[in-house]
Amino acid sequence: MVKERSFIHHSLNRGKNGQEDLLWKKKANDRISEHRQRDLVINVQNSEKKPVAGIEVEIKQIRHEFAFGSAMNDQVLFNQQYADFFVKHFNWAVFENEAKWYANEPERGKITYEKADAMLNFADRHQLPVRGHALFWEVEDANPSWLRPLPNHEVYEAMKNRLEHAGNHYKGRFRHWDVNNEMMHGSFFKDRFGKNIWKWMYEETKKIDPQALLFVNDYNVISYGEHHAYKAHINELRQLGAPIEAIGVQGHFEDRVDPVIVKERLDVLAELGLPIWVTEYDSVHPDANRRADNLEALYRVAFSHPAVKGVLMWGFWAGAHWRGEHAAIVNYDWSLNEAGRRYEKLLNEWTTQKVEKTDVNGNVTCPAFHGTYEIRIGKESKTLKQQTIELDSNKKTPLQLDVIVPVEG
């Protein structure tokens, strides 16, 4: 369970006419077509470079470029249903607590990475990239209990040790680092050393692990309208010289997710020109249908926004969710509730799977979602050629794949 925090989340209700309610989904879908797909052209030729018409082409997406992830806890190490569900439904992970300072050094000088390492090994086995959460945490009561009463010079020495020890231990294992979590809502380190300590944290992390993308991460941003304050906060950090490379927005919602408002708030943050990740999504409501509508609103808007690179749930199973069963997409008995079914439906909607026959020019053309694909060329159930390709978002132009097969034209 995530360490207790005081959220100030309000329902996102705003007067709008019914037409705007109906329009948001169409607008989001139009943006999804524009920003999350490229045309894929498969051109099949014979050995004489002549087009082969009427041959079967199977286009199968096996991985998304966009991150559809979740928080993971130590259930993954001993609960096979938890582990299986995770691998089937998510392509990114973040540890709920196991990489935090209080978990890695529960007593001063007694450092352990046992659970985190076991979870990293699980992620590696299943090719799951992992976010690092979190190197430091600005909220006082989220720090190790032994750290809080120390005099400032000992706090600083402990920070240096944490940076050097944890930074080097996890080096190359985490794709991202939440360097100092929730700086808008805490002041443990700032009160002791001033804001320049934030710059120091980021600069030192970058020196130790230059490959990791360095994030800010905070709450009440898209769920309760602190987006302008967050933008100003990030600008201040950059002006201090902190190498901020990406924006994490938590999304802990209550009664309703308003997709129009969420998009407006993402638009404000996108003005900073940095990639945005929804790092912690959940919605609490006893009605699973409402939870499903909230999930769709958040995911459809986030997936449609060109600045957003991923969404990670903060838990999924009723038996291990920090906000309880009314935030879960999976019931205690591992049956999907309506929110879980909606999540699967969205993933299916945004996954390209197609089987077609080539036209007279030997071509199959289709718009396809960014990601990794297996392409199979077959004739009468016999596979003639199979290969894996990447359809990435770096270009907008169609990707043409020319395939030579041993058949007559």
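## A walk through a predicted protein model

Of the 114 residues in the largest nonpolar core, Tyr299 and Phe316 are the ones that touch the most other members. Helix α10, which covers residues 288–304, supplies the largest share of this core, with eight residues. A second core of 10 residues is separate, and Ala67, Val94, Ala246 and Leu312 are among its members. Please keep in mind while reading that this is a predicted model.

Let us stay with phenylalanine 316 for a moment. Leaving aside its neighbours within four places in sequence, phenylalanine 316 is in contact with several aromatic residues, including Tyr82, Phe85, Phe86, Phe90 and Trp334. Its other partners are Ser70, Ala71, His321, Ala328, Ile329 and Val330.

### The whole protein

Now step back and look at the overall fold. The protein has 11 helices and 15 strands. Its radius of gyration is 23 Å, close to the 22 Å that the globule rule gives for 409 residues, so the protein is as compact as a globular protein of that length. Along the principal axes, the C-alpha atoms fill a box of roughly 80 × 50 × 45 Å.

How many of the protein's 409 residues, as a percentage, count as buried? The figure is 55%. The accessible surface comes to about 17,600 Å², and carbon and sulfur atoms account for 46% of it. Among contacts with a separation of 6 or more, 78% are between residues 24 or more positions apart.

The UniProt record, an unreviewed entry, places the feature "domain: GH10" at residues 53–346. This span is 39% helix and 21% strand, and its end C-alpha atoms lie 34 Å apart.

### Three residues to find

Here are three residues you can look up in the structure, with the element or loop where each one sits.

| Residue | Where it lies |
|---|---|
| Alanine 83 | helix α2 (residues 80–89) |
| Threonine 112 | loop between α3 (101–104) and α4 (114–125) |
| Lysine 206 | helix α7 (residues 196–208) |

Start with alanine 83. Is alanine 83 buried or exposed? Alanine 83 counts as buried because its relative accessibility is 4%, and the cut-off for buried is under 20%. Not counting neighbours within four places in sequence, alanine 83 is in contact with Val76 and Phe122. You can also find alanine 118, which is 35 residues away from alanine 83 along the chain; the C-alpha atoms of the two are separated by 13 Å.

Next comes threonine 112. Its relative accessible area is 32%, so threonine 112 is partly exposed: the value falls between the 20% and 50% limits. A polar atom of its side chain lies 3.3 Å from the backbone nitrogen of glutamate 114. Leaving out residues up to four places away in sequence, threonine 112 touches Ala103, Asn104 and Pro106. Aspartate 30 is 82 residues from threonine 112 along the chain, and their C-alpha atoms are separated by 48 Å.

Finally, visit lysine 206. With which side chain does the side chain of lysine 206 make a polar contact? The partner is the side chain of glutamate 245, at 3.0 Å. Glutamate 245 also appears in the list of residues in contact with lysine 206, together with Ala212, Leu214 and Pro243, once neighbours within four places in sequence are left aside.

Key
Residues are numbered from 1 along each chain as its sequence is written. This is a predicted model: local features need pLDDT of at least 70, side-chain atom pairs count only at pLDDT 80 or more; totals for chains, interfaces and linings use all residues. Side-chain values use heavy atoms; hydrogens and water are left out. Helices (H or I, at least four residues) and strands (E, at least two) are DSSP runs, numbered from the N terminus. A polar contact is a pair of N or O atoms within 3.5 Å; within protein, one must be able to donate a hydrogen and the other to accept it, and residues adjacent in sequence count only if both atoms are side-chain atoms. Contact means heavy atoms within 4.5 Å. UniProt positions are given in the numbering used here, feature names are shortened, and annotations may be inferred rather than shown by experiment. A nonpolar core is a set of buried Ala, Val, Leu, Ile, Met, Phe, Trp, Tyr and Cys residues joined through side-chain atoms within 4.5 Å. Buried means under 20% relative accessible area, exposed over 50%, partly exposed in between (1.4 Å probe, protein chains only). The radius of gyration is taken over C-alpha atoms; the globule rule is 2.2 Å times the number of residues to the power 0.38. Accessible areas come from the Shrake-Rupley method with a 1.4 Å probe; for residues, only the protein chains shown count as cover.
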